[in-house]
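Welcome! Let us take a walk through this structure together, one step at a time.

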Amino acid sequence: MRRFPEGFRWGTATAAHQVEGNNVNNDWWEWEHREGTVCVEPSGDACDQYHRYPEDLRLLSALGFDNYRFSVEWSRIEPEEGAFSKAALDHYRRVCAECLANDLQPVVTFHHFTTPRWAANDGGWHDARIVDRFARFCERTVEHLGDLIGRACTINEPNVVSYIGYQVGVFPPGILDADLWRASYENMIAAHRRSYEVLKAGRGEFPVGLTLSMSDYQPVPADDEKAIATRDTIRYFAEDVFLESCRGDDFIGVQTYSRTRVGPDGQLGPEEGVPVLVMGYEYYPESLAATIRRAWEVTEHVPVLVTENGIGTDDDEQRRRYVERALHGVLDCLDEGIEVLGYTYWSLLDNFEWAFGYGPRFGLVEVDRRTQERRVKPSAYWLSSVVQANALSDGSHG
Ligand code: GCO
């Protein structure tokens, strides 16, 4: 058996807009109902977790996990600028309390892709005023529930929000403008730094970090100097500018699913013969270890927490094999002396996969779209056995 360290954290993750349902006051709700966007379908009721969270937390705890990562929805807490809802803050305080009642550490994300309409429609993330706006939201929220928080993630995947929102156009605001893209990611980095300070100074004592979307960027051919230079440039803007801003933080959240192949003239598609998943990227579980090593290196040894890793697939045995392979990579990184604090599987539930809608199923638990009934998948029981043993059988190099 290959053992994980004593105290290694095991969790699953979700995000408010993807599971709660009826988050009607944010930019994503407006975006997914706008004519002409690429959104497959609106989020609607999602998994109705706004009401069903006690059942979901009981289920997660019964599987032996010790933490639950979820996000608080800014647009519920501050529906209009400066107007804070005590009822919404009380709701999230109850969710934290329910986590603790189920022996689950609450891992709270303060921004997971969604921004209140009032802020999104008044400059959004490309307007520097967002930094103060976000810091004030964090201040009011941590004041209300900071004593119950186990760990805080400031901003989820700022690289994705800025790049897809301002360079690809598949996420809101869907403005293709390089200057606004740069402004948006600079404001997100500033907002991370400000919210880090606000959360550390606020109520409660808990580690704080940013969670970053990462990919195993590989030059093709591997020894081609131009491909290496192109890969370095792409990766610098996609990851390094964010990783460098996290030096000295309590942890860095690594969120990896696959790799990105880069040729001399730019990004390449999937390699011939490598399975491609519903998300459009390759089945490539080795990417997790590669990105853990990179985050450890570029942040200059900030402890790494895997805050998302998983696979959208209807083949649950493929899910098990993917996670098994990814976890062997985590064990390799631990053997190399890298401080990996834990592993968080994305996601607890099949949920709203943004512009893809409900097609891609990442969940350890299936959700019946008609009845909202939860059905635990075989891969969940397998991962539960790994969690409870805090070990992986050696022979299963997947
Ligand atoms: C994120 C991710 C999640 C996705 C997951 C699967 O921002 O953390 O985008 O919200 O659902 O990465 O694609």
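The paragraphs below go from the core to the ligand. Please keep in mind that this is a predicted model.

Let us begin inside the protein. In soluble globular proteins, nonpolar side chains tend to be buried together. Here, the largest nonpolar core has 115 residues. The members that touch the most others are Phe4, Trp10, Phe110, Leu327, Tyr343 and Leu383. Try picking out Leu383 as an example: beyond its neighbours within four places in sequence, Leu383 is in contact with Trp10, Phe65, Val323, Leu327, Tyr345 and Leu364.

Now turn to the ligand, which sits in the largest pocket. Around the ligand are 13 residues, and the closest are Gln18, Phe113, Asn156, Glu308 and Glu353.

Which side chains have an N or O atom 2.8 Å from an oxygen atom of the ligand? Gln18 has one, and so does Trp354. For Trp346, a polar side-chain atom lies 3.2 Å from a ligand oxygen atom. Taken alone, the ligand would expose 320 Å², and the protein buries 94% of that area.

Note on methods: Residues are numbered from 1 along each chain as its sequence is written. This is a predicted model: local features need pLDDT of at least 70, side-chain atom pairs count only at pLDDT 80 or more; totals for chains, interfaces and linings use all residues. Side-chain values use heavy atoms; hydrogens and water are left out. A nonpolar core is a set of buried Ala, Val, Leu, Ile, Met, Phe, Trp, Tyr and Cys residues joined through side-chain atoms within 4.5 Å. Buried means under 20% relative accessible area, exposed over 50%, partly exposed in between (1.4 Å probe, protein chains only). Contact means heavy atoms within 4.5 Å. A residue is near a molecule or strand if one of its heavy atoms lies within 4 Å of it. A polar contact is a pair of N or O atoms within 3.5 Å; within protein, one must be able to donate a hydrogen and the other to accept it, and residues adjacent in sequence count only if both atoms are side-chain atoms. Accessible areas come from the Shrake-Rupley method with a 1.4 Å probe; for residues, only the protein chains shown count as cover. On a 1 Å grid over the protein atoms alone, a cavity is a set of points where a 1.4 Å probe fits but cannot get out, and a pocket is an open set with protein on both sides within 12 Å along at least five of seven lines; lining residues have an atom within 4 Å of a point. A molecule sits in a cavity or pocket if more than half of its atoms lie within 2 Å of its grid points.
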